[in-house]
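Biologist: Can you walk me through this one? I'd like the overall picture, then some detail.

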Amino acid sequence: MSADLVVRGDAWDVAVEDGLVAAVGPELPGGREEVDARGLVVLPGMVDGHVHLDDPGRAGWEGWDTGTAALAAGGVTCCADMPLNSVPATLDGASFDAKVAAARGRARIDFALWGGLVPGNLEGMDELAGRGVVGFKAFMSPSGVPEFAHVDPDALGRGMERAAALGLPVAVHAEDPAVLDAVPRGGGRTMRDWCASRPVAAETSAVRTVLELARATRCAVHLVHLSSPEAVDLVRAARVAGVDASCETCPHYLVLTRDDASRIGAAAKCAPPLRSVADQMGLWQRVARGDIDLVGSDHSPGPPELKRGDDMFAVWGGISGAQTTLPLMLTHGPSNGVTHAHGVEMLAAAPARRLDLAGKGEIRPGADADLTLVDVGRPWVLGEGDLRYRHRVSPFVGMTLTARVVRTILRGITVFGEGATDAAPGRLVTPAWVA
């Protein structure tokens, strides 16, 4: 009996049956459908563990349809959506159900959900765990939206105790508000002022607190969007000492600096902010030696009206990057000591492992038939017209890249590229233990 689909590569083929990888090897028998991937690099579908799709409630910022179309165009076949900036925030069973309902029939790729850890929400955490969240997200400094309050160390510790009892990790936006409040602003409005207002010391102070609480509560922790080598070193030291701690950085910290932020403007505003060239080089070194576990886009879009103005403290802080993570890593990784294989590991298998998403992030018999076909080595320039976001804004527009996603396949269904379906076959995925 022939396979449903066979993807023919240069050295080996992939056979697909019932949405799963049936076989991997050279010169496999023909399938009812065949895709010629010779001359391309065949990769597992990427897993982006950190996106904000904002729907329900703020679909005008980004939605499941446009956000997941952009992810698919970037080779991503599974994402984990953060509990903000949706309205309601994902803080209990009812809000979890509302988010799944918003995604149903509109998500072009598979998706998982993070739940929220906010003050006084311990019962909501139990409901979310029962629904199948991959973990809980907390902010140590104000989140930027009123529906998602930040936690002080006491509230964070109590939430981590509950998360540990539930067997789920806590992801933390680590900036110490006391350090941030102590930085004199002096009426500054420029991007350079913004970057200076959120120093590395705020990040490292918060990371130390998180790691101390993780040690005390035995809670698994994941430090999101780390922007400084010093913060990464703290996580590595804690891991060596036996703490279940992981960390991520984002492509914008690896390919942009604060000088770029001043040149680009609001499209490059984020928190923590872009750092110095030395910080950027230090992050690449830690990526290359394996101290940083994974790379997530932290896709955090906003409508154009929130990105206008000269006061960088007032404009919305978030970078649109869901579509470009893989091309950026494959373009810039090799010159910074990161092989293509290592870069793909950080974007696919590593996040799938950390979030316990069985069958994702690898090509092997029995895994979901999630594949990304990439043209590597042919330079091209990213234009606004290439973007699939609701608002075609990105600090990466105009960059020359040397990797381009040609086709993305989700469980044997083409969701981007030639032959892509008009349907939205994405579905909710949950940690393996839930099943």
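Modeller: Sure. Keep in mind that this is a predicted model. The protein chain has 14 helices and 17 strands.

Biologist: How does the radius of gyration compare with the globule rule?

Modeller: The radius of gyration is 21 Å. The globule rule gives 22 Å for 435 residues, and the two values are close, so the chain is as compact as a globular protein of that length.

Biologist: And what box do the C-alpha atoms fill?

Modeller: Roughly 70 × 45 × 40 Å, taken along the principal axes.

Biologist: What share of the residues counts as buried?

Modeller: Of the 435 residues, 60% are buried. Buried here means under 20% relative accessible area.

Biologist: What about contacts with a separation of 6 or more: how many join residues 24 or more positions apart?

Modeller: Those make up 74% of such contacts in the chain.

Biologist: Let's switch to the sheet. What is the strand order in the open sheet of six?

Modeller: The order runs E9-E10-E11-E12-E13-E14, and the pairing is parallel.

Biologist: Which strands stand at the edges?

Modeller: Strand E9 (115-116) and strand E14 (294-295) do. Each has a single partner strand, so one side of each has no neighbour in the sheet.

Biologist: What holds strands of a sheet together in general?

Modeller: They pair through backbone hydrogen bonds, in a parallel or an antiparallel way.

Biologist: Back to E9. How many bridges does E9 share with E10?

Modeller: Two bridges, in the parallel sense, with E10 covering residues 136-139. Glycine 115 sits opposite phenylalanine 136 of E10.

Biologist: New topic: pockets. What volume does the largest pocket have?

Modeller: About 620 Å³. Its lining has 30 residues. Nearest the centre are Pro142, Ser143, Trp194, Arg198 and Ala271.

Biologist: Does E10 turn up again, and with which helix?

Modeller: E10 and helix H6 (191-197) each give at least two residues to the lining of the largest pocket.

Biologist: How does that lining divide by class?

Modeller: The largest pocket has twelve nonpolar, twelve polar and six charged lining residues.

Biologist: And what is the volume of the second largest pocket?

Modeller: About 170 Å³. Its lining includes Ala73, Trp380, Arg404 and Phe416.

Biologist: Which strand gives the most to that lining?

Modeller: Strand E16 (residues 400-410), with three residues.

Biologist: How does the second lining split by class?

Modeller: The second largest pocket has seven nonpolar, two polar and three charged residues in its lining.

Conventions. Residues are numbered from 1 along each chain as its sequence is written. This is a predicted model: local features need pLDDT of at least 70, side-chain atom pairs count only at pLDDT 80 or more; totals for chains, interfaces and linings use all residues. Side-chain values use heavy atoms; hydrogens and water are left out. Two strands pair if DSSP finds at least two bridges between them. Helices (H or I, at least four residues) and strands (E, at least two) are DSSP runs, numbered from the N terminus. On a 1 Å grid over the protein atoms alone, a cavity is a set of points where a 1.4 Å probe fits but cannot get out, and a pocket is an open set with protein on both sides within 12 Å along at least five of seven lines; lining residues have an atom within 4 Å of a point. Grid points are joined across faces, edges and corners, and a volume is the space filled by probe spheres set on the points. Ala, Val, Leu, Ile, Met, Phe, Trp, Tyr, Cys and Pro count as nonpolar, Asp, Glu, Lys and Arg as charged, and the others, Gly among them, as polar. The radius of gyration is taken over C-alpha atoms; the globule rule is 2.2 Å times the number of residues to the power 0.38. Buried means under 20% relative accessible area, exposed over 50%, partly exposed in between (1.4 Å probe, protein chains only). Contact means heavy atoms within 4.5 Å.
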